[in-house]
Amino acid sequence: MPVPTISIIIPHLNGRSHLFDCLTALREQTFTDFETLLVDNGSTDGSQAYVRQQFPEVTLIELGSNQGFTGACNAGYNASQGCIVILLNNDTEVDPNWLQAIV
């Protein structure tokens, strides 16, 4: 598998209600050479199953317990493969041309 240009890391804890808007917006990007890593800090709201079922293109990193924002970011960074690494909050809905503008 080729290395993606961009890795998007989303630290997450019990924010399932935000995931549809956030991940759908990423799915609609005009620039497509990226990976999405959702780093879950031990959510108890069903986020993990929801992501696996509805967004199989997202790499789910399950920490099992709350490692905090920095712990989640570091875990995502360690797993990322992209040349450019972007942190994105789980309640963000980006414009379809967002990544194209960054590149």
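Let us begin with S7 and its surroundings in this predicted model. Leaving out residues up to four places away in sequence, S7 touches E35, L37, S80, Q81, G82, I84, V85 and I86. Two of these neighbours deserve a further word. The side chains of S7 and E35 are joined by a polar contact of 2.5 Å. The S7 side chain also reaches the backbone nitrogen of G82, at 2.7 Å. Is S7 buried or exposed? Its relative accessibility is 0%, and because buried means under 20%, S7 counts as buried.

S7 belongs to strand β1, which covers residues 6-12. That brings me to the strand beside it. β1 and β2 run parallel, and seven bridges join them. Within this pairing, I9 stands opposite L37 of β2. How does the chain pass from β1 to β2? It crosses through α1, and this β-α-β crossover is right-handed.

Let us now look at β2 itself, residues 34-40. Why can β2 be called largely enclosed by the rest of the structure? The reason is that seven of its seven residues are buried. We may also take the two faces in turn. One side carries F34, T36, L38 and D40, the other carries E35, L37 and V39, and all of these are buried, so that both faces of the strand are covered. E35, please recall, is the residue whose side chain meets that of S7.

β2 has a further partner. It pairs with strand β3, residues 59-62, in the parallel sense over four bridges. Here L38 has L60 of β3 as its bridge partner. The chain crosses from β2 to β3 through helix α2, residues 47-54, and this β-α-β crossover is right-handed.

I turn next to the loop between α1, residues 16-27, and β2. Two of its residues will serve as examples. The first example is Q29, which is located in this loop. With a relative accessible area of 5%, Q29 is buried. Its side chain reaches the backbone oxygen of A25 at 3.1 Å. Which residues does Q29 touch, if those up to four places away in sequence are not counted? They are F34, V94, D95, P96, N97, W98 and L99. F34 is already familiar to us as one of the buried residues of β2.

The second example is F31, which lies in the loop as well. F31 has a relative accessibility of 13%; this is why it counts as buried, the limit being under 20%. Setting aside neighbours within four places in sequence, F31 is in contact with T5, I6, L99, Q100 and V103. L99 thus appears in the list for F31 and also in the list for Q29. As for distance along and across the chain, F31 and T92 are 61 residues apart in sequence, and their C-alpha atoms are separated by 18 Å.

Finally, a word on aromatic rings. A pair of such rings is described by the distance of the centres and the angle of the planes. How many aromatic pairs does the structure hold? It holds one. The pair consists of Y50 and F55: their ring centres are 6.0 Å apart and their planes stand at 65 degrees, so the pair is edge-to-face. Both Y50 and F55 are buried.

Key:
Residues are numbered from 1 along each chain as its sequence is written. This is a predicted model: local features need pLDDT of at least 70, side-chain atom pairs count only at pLDDT 80 or more; totals for chains, interfaces and linings use all residues. Side-chain values use heavy atoms; hydrogens and water are left out. Helices (H or I, at least four residues) and strands (E, at least two) are DSSP runs, numbered from the N terminus. Buried means under 20% relative accessible area, exposed over 50%, partly exposed in between (1.4 Å probe, protein chains only). Contact means heavy atoms within 4.5 Å. A polar contact is a pair of N or O atoms within 3.5 Å; within protein, one must be able to donate a hydrogen and the other to accept it, and residues adjacent in sequence count only if both atoms are side-chain atoms. Two strands pair if DSSP finds at least two bridges between them. A crossover is right-handed if, with the strands pointing away from the viewer, the path from the first strand over the helix to the second runs clockwise. Rings of Phe, Tyr and Trp (its six-membered ring) pair if their centres lie within 6.5 Å; planes under 30 degrees apart count as stacked, over 60 as edge-to-face and the rest as tilted.
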